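Visitor: I have a model open on my screen and I'd like to learn how to read it. Could you walk me through a few features?

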Amino acid sequence: MDYTLLNAQIKDFAEEEPYYIPLMSNVSAVLMEMLPDLNWAGFYLMKDGQLVLGPFQGKVACIHIAVGKGVCGTAVAEDKTQLVEDVHAFPGHIACDGASNSEIVVPIHHNGEIVGVLDIDSPKLSRFTEEDRDGLELIVSTLESYLQF
């Protein structure tokens, strides 16, 4: 995957409309379209001290996730990207879609605070690599530069 090119496309979306709903909606769609072997790509946003479902592509998802729970909540609690090769071996994994086998979650910041996460799931074990981590962190960095709430 050419994450530099993908990031440039996302930057174009952000420059056209930085408001978080359309921007995250298009980012979810382009990630789902461009990255192979995904079954979910989207965002959870912080609201009242917990993660709440945001724009996404995929099957119906969990609506609320507590900080520290599951892969997404752990990403917030630790403020670091979670690259999970086998979600079934992850302590406290929340199975929103039983077909998911691996997951990557990247925290998103705005004004120095975590405002949400980018969450991507795959039905393949060990789907995500260090290259994916670096590329998705680059994309999130771009989002952080433009996002308006």
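Guide: Let's start with aromatic rings. Rings of Phe, Tyr and Trp (its six-membered ring) pair if their centres lie within 6.5 Å; planes under 30 degrees apart count as stacked, over 60 as edge-to-face and the rest as tilted. By that rule, the structure holds four aromatic pairs. Trp 40 and Tyr 44 are stacked because their ring centres are 5.8 Å apart and their planes meet at 25 degrees.

Visitor: Before we go on, what am I looking at, and how are residues numbered?

Guide: This is a predicted model, where local features need pLDDT of at least 70, side-chain atom pairs count only at pLDDT 80 or more, and totals for chains, interfaces and linings use all residues. Residues are numbered from 1 along each chain as its sequence is written, and side-chain values use heavy atoms, with hydrogens and water left out.

Visitor: Which ring besides Tyr 44 stacks with Trp 40?

Guide: Phe 56 does, at 5.1 Å centre to centre with 15 degrees between the planes. That pair links distant parts of the chain, since Trp 40 sits in strand β1 and Phe 56 in strand β2, 16 residues apart. Strands here are DSSP runs (E, at least two residues), as helices are (H or I, at least four), numbered from the N terminus.

Visitor: Is Trp 40 buried or exposed?

Guide: Buried means under 20% relative accessible area, exposed over 50%, and partly exposed in between (1.4 Å probe, protein chains only). Trp 40 counts as buried because its relative accessibility is 5%. Its partner Phe 56 has 27%, so Phe 56 is partly exposed.

Visitor: How many bridges join β1 to β2?

Guide: Two strands pair if DSSP finds at least two bridges between them. Here seven bridges join β1 (residues 40-47) to β2 (residues 50-58), and the two run antiparallel. Ala 41, for instance, stands opposite Gln 57 in β2. The two strands form a hairpin with two residues between them, and Asp 48 in the turn has a positive phi of about 55 degrees.

Visitor: And what comes after β2?

Guide: A hairpin of five residues leads from β2 to β3. Three bridges join β2 to β3 (residues 64-66), again antiparallel, and Leu 51 has Ile 65 as its bridge partner in β3.

Visitor: Now a helix residue: which residues does Phe 13 contact beyond its neighbours within four places in sequence?

Guide: Contact means heavy atoms within 4.5 Å. Phe 13, in helix α1 (residues 3-16), touches Leu 23, Asn 26 and Val 30. Its relative accessible area is 22%, so Phe 13 is partly exposed.
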